[in-house]
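Work through the exercises below with the sequence and the model side by side. Try each task before reading its solution.

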Amino acid sequence: MTSLSFSNVRKLFGDVPVIHGIDLNIEAGEFVVFVGPSGCGKSTLLRMIAGLEEISDGEINIGGRSVNKVEPAERGVAMVFQSYALYPHMTVRRNLGFGLRMNGIPKRQVEAKVADIMKTLRLDGLAGRKPKQLSGGQRQRVAIGRALVRSPRIFLFDEPLSNLDAELRVKMRVEISELHSQLGITTVYVTHDQVEAMTLADRIVVLNAGRVEQVGRPLELYENPDNLFVAGFIGSPRINLFPVRVLAVDRSETVLALPSGAKLPVPLANDSAAPGQEFTLGVRPEHFQISDAPDGLEMRIIHSEHLGNISYIHGATPDGQQVIVEDRDARWPASGSVRLECDPTRVHLFDSRDQRVR
């Protein structure tokens, strides 16, 4: 297994910086997911690992060795793209073995390697089919197999499930996770879908505008975001955000006031806030409950989404603030207004620089 590291890696397109001094260490055998909105630089980083984009500054190391000047074919990296990029006139077997044959590997070795990969990916019964005779999931498995057959040190995925329907995406996520557990190859996976990131990753790297916002395990990012961007990007449905003002501060708690008039005491250290100071309050949908308190947050119910064992209630406060609440007990009214309370130990506060106040 092979480690991967970035040291002050930068990328400019002309005079425009798109990657701003990335420092990151990926342990051997780790499954790391780069996640962020379109244009954040995640695919550019992946292509820099593969050698398909030049580095403007800094250094990338694979297995402790700088690869800045190493040709892509010599890096021991295999990449699976969003498009399957299979040869349409070749069978599955020939698609899998094509790269090995072009490198002059003896026929008997190629056949043995291909047979092993087909067994690993459960492609045995599809060996004689051409890509047009395969489903989307089968084609993606062939694309993965074509990368695996090279025995890579690093496995790169660039949004490989984007072309699949919802059900097949779930199935392929499981298959990719099982494959990593079986083979243990260091893997970097790029996606804009934070659900994919949360379900696949050992660690997630949250990127925004070419910068790393936070690195951590999925639940760590969900429960302890460092800033407003991470709190808003990680989690589905999104976190509820409210502007708040500090009413009072004492040794044990800080009382916050929402624009609607609702009040919330939180266990915030008295040296972190002062009366009149303004923050952004973040509350996850599952941390709201119906309340009888007269100073609770009032919400008018607009719409309910019933998804089987869970429902999401969409509403709005009197001042027009949108709210999403998770309901697992099916005890919410279909319409009208309710008052809400939340667990003050589970809320997040962000300052004027969008940084988490702890």
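Two strands pair if DSSP finds at least two bridges between them. Helices (H or I, at least four residues) and strands (E, at least two) are DSSP runs, numbered from the N terminus. The model is predicted, so local features need pLDDT of at least 70 and side-chain atom pairs count only at pLDDT 80 or more, while totals for chains, interfaces and linings use all residues. Residues are numbered from 1 along each chain as its sequence is written, and side-chain values use heavy atoms, with hydrogens and water left out.

**Exercise 1. The sheet of 4 strands**

Find the order of the strands in the open sheet of 4 strands, and state which helix packs on the sheet.

Solution.
- Step 1: The order is E2-E1-E4-E5, and the pairing is antiparallel.
- Step 2: Strand E2 (16-26) and strand E5 (65-66) are the edge strands, each of which pairs on one side only.
- Step 3: Between strand E1 (residues 4-13) and strand E4 (residues 57-62) there are 5 bridges, in the antiparallel sense. Serine 7 has glutamate 59 as its bridge partner in E4.
- Step 4: Helix H1 (residues 42-50) packs on this sheet and touches E1, E2 and E4. The direction of H1 makes about 115 degrees with that of E1; such axes are lines fitted to C-alpha atoms, for helices over the stretch in contact, and angles run from 0 to 180 degrees between N-to-C directions.

**Exercise 2. The sheet of 5 strands**

Describe the open sheet of 5 strands: its order, its edges and the bridges between its strands.

Solution.
- Step 1: The strands follow the order E15-E19-E16-E17-E18 with antiparallel pairing.
- Step 2: E15 and strand E18 (322-327) are at the edges; each has a single partner strand, so one side of each is left without a neighbour in the sheet.
- Step 3: On average, neighbouring strands of this sheet are turned by 50 degrees against each other, direction ignored.
- Step 4: E15 and E19 are joined in the antiparallel sense by 3 bridges, and glutamine 289 stands opposite glutamate 341 in E19.
- Step 5: E16 and E19 have 4 bridges, again antiparallel, and arginine 300 stands opposite serine 337 in E19.
- Step 6: Strand E17 (residues 311-316) is joined to E18 by 6 bridges. Histidine 314 has isoleucine 324 as its bridge partner in E18.

**Exercise 3. The two faces of a strand**

Which residues of strand E19 are on the covered face, and which on the uncovered one?

Solution.
- Step 1: In a regular strand the side chains alternate between the two faces of the sheet.
- Step 2: In E19 (residues 337-342), Val338, Leu340 and Cys342 make up the covered face. Ser337, Arg339 and Glu341 make up the uncovered face.
- Step 3: Cysteine 342 has a relative accessible area of 11% and therefore counts as buried (buried means under 20% relative accessible area, exposed over 50%, partly exposed in between, with a 1.4 Å probe and protein chains only).
- Step 4: Serine 291 lies in the loop between strand E15 (288-290) and strand E16 (297-306). Its relative accessibility is 8%, so serine 291 is buried.
- Step 5: Leaving aside neighbours within four places in sequence, serine 291 is in contact (heavy atoms within 4.5 Å) with Arg339, Leu340 and Glu341.

**Exercise 4. Aromatic rings**

How many aromatic pairs does the structure hold? Describe the pair of phenylalanine 229 and phenylalanine 233.

Solution.
- Step 1: Rings of Phe, Tyr and Trp (its six-membered ring) pair if their centres lie within 6.5 Å; planes under 30 degrees apart count as stacked, over 60 as edge-to-face and the rest as tilted.
- Step 2: The structure holds 7 aromatic pairs. Phenylalanine 229 and phenylalanine 233 form a stacked one, with 5.8 Å centre to centre and 15 degrees between the planes.
- Step 3: These two residues are 4 apart in helix H8 (residues 228-233), so about one helical turn separates them.
- Step 4: Phenylalanine 229 is partly exposed at 24% relative accessibility, whereas phenylalanine 233 is buried at 16%.
- Step 5: Ring pairs also link Phe31, Phe155, Phe157 and Tyr189 into a cluster.

**Exercise 5. Arginine 211**

Is arginine 211 buried, partly exposed or exposed, and which residues does it touch?

Solution.
- Step 1: Arginine 211 is in strand E10 (residues 211-216).
- Step 2: Its relative accessibility is 45%, so arginine 211 counts as partly exposed.
- Step 3: Not counting residues up to four places away in sequence, arginine 211 touches His20, Ile22 and Val206.
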